[in-house]
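Welcome, and please open the model in your viewer with the sequence alongside. We will go from stop to stop, selecting one thing at a time.

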Amino acid sequence: MDLNLYLQRIGIRELKPDFSTPSLSALREIHRRHLFSVPFESLSMHIGEKIILDTLWIYQKIVLRKRGGFCFENNGLFLWVLQELGYQPLVLSARVRSPATGVYGPPFDHMILSVELEGRRWLCDVGFGEGILDPFPLEAAWEQEQDSGVFRLRVEAEEWYLESKEDNDQWSSLYKFTLEERRFEDFREMCDYYQTSTSCSFFCKSFCSLQLPDGRLTYIGRKLVSTEYIKGGGSVKTTKELSEEEIPDLLREKFGIVLSAAFVPKDEILAPNPDGQ
């Protein structure tokens, strides 16, 4: 695997001198550039391609084939990148809160990373969708406005909650996690589950989403959703209906993705998750 090819994939021509040692400025740059370059997507499941929890396979998919991926893929690749650059990232397990039901997913539902740097710990997450753009200080009650919204960390007992501010100034939990160190391999069972479960959005919905400077562009099923961020928190969304014939051109022109097999658009209602807690 070639680190320089990854950097080119996210818009950095070559390994910069200031990348030679870990720094917060370098971490911020690669974190942002990854989000602006690599889509958050579930398309593999809708062309009959099995996702394999293997760093080389993920590298080939995202870097060489110019695809995106879901959290295990994006954060799994980012884990390797940080290790190659001399950081010492830790793998953490998070549980995503469903906006529809308020129920959190099962353990190992979402993979995130933490890095200790310049006397502080930082939360890194390039595999969530509408989340943080920059590494976030891993400190209780920390609140920060980023280009993608206003976020804070809340702690109850040993559980940390990443929350975002809504249009009505209320806080909504995105996911919760603990600081217990995990291994990348620990997420293999959930990776397989995601690809077959009718309770999982990745299986039930074909989607592809990419961060923009002032918002987000998301394809899902037969719709294109444009999100514009509002300063101080919240967003405005507009939706455009798509014909099935328009989708391949849209994926190529807006997301840089050309699929290698026949694609079946999908946007089904999720079945109740009996394992949700």
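Which residue in β11 is the bridge partner of Gln211? Select Arg216 and you have found that partner. Keep in mind throughout that this is a predicted model.

**The open sheet**

Now show the two strands around that bridge: β10 and β11 (residues 215–220) pair in the antiparallel sense, over six bridges. Widen the selection to the whole sheet, an open one of five strands in the order β1-β10-β11-β12-β13, with antiparallel pairing. At its edges you will find β1 (40–41) and β13 (235–241), each of which pairs on one side only. Next, add α7 (residues 247–255): this helix lies across β10, β11 and β12 (223–229), and it runs at about 155° to β11.

**Helix α2**

Move on to residues 24–37, which make up helix α2. From first C-alpha to last, its 14 residues reach 20 Å, close to the 20 Å expected at 1.5 Å a residue. Colour its buried residues, among them Leu27, Ile30, His31, His34 and Leu35. Glu29 and Ser37 are also on the buried list. What covers them? Show α1 (3–9), α4 (71–84), β3 (110–117), β4 (120–124) and β10 (207–212), which are included in the cover.

**The nonpolar core**

Keep Ile30 selected and add Tyr6, Phe70 and Phe72: of the 52 residues in the largest nonpolar core, these four touch the most other members. Several elements, including α1, α2, α3 (55–64) and α5 (188–194), each supply at least two residues of this core. The most comes from α4, with eight residues.

**Phe70 and its rings**

Zoom in on Phe70, which is buried with a relative accessible area of 0%. Beyond its neighbours within four places in sequence, Phe70 is in contact with Phe40, Glu41, Met45, Ile51, Gly127, Cys191, Tyr194 and Phe202. Turn to Phe72, also buried at 0%. The structure holds 17 aromatic pairs. In the pair Phe70 and Phe72, the ring centres are 5.5 Å apart and the planes stand at 75°, so the pair is edge-to-face. Select the rest of their aromatic cluster as well: Phe40, Phe108, Phe187, Tyr193, Tyr194, Phe202 and Phe207 belong to it along with Phe70 and Phe72.

**Last stop: a hairpin**

Finally, select β6 (residues 143–146) and β7 (residues 149–156), an antiparallel pair with four bridges. The two strands form a hairpin with two residues between them. To end the tour, pick Gln146 and find its bridge partner in β7, Gly149.

Conventions:
Residues numbered from 1 in each chain as written. Predicted model: local features only at pLDDT ≥ 70, side-chain atom pairs only at ≥ 80, totals over all residues. Heavy atoms only, no water. Pairing = 2+ DSSP bridges. Expected span 1.5 Å × (residues − 1). Buried < 20%, exposed > 50% of the residue type's maximum accessible area, 1.4 Å probe, protein only. Contact = heavy atoms within 4.5 Å. Axes fitted to C-alpha atoms, helices over the stretch in contact; angles between N-to-C directions. Core = buried A, V, L, I, M, F, W, Y, C linked by side-chain atoms within 4.5 Å. Phe/Tyr/Trp six-rings, centres within 6.5 Å; stacked < 30°, edge-to-face > 60°.
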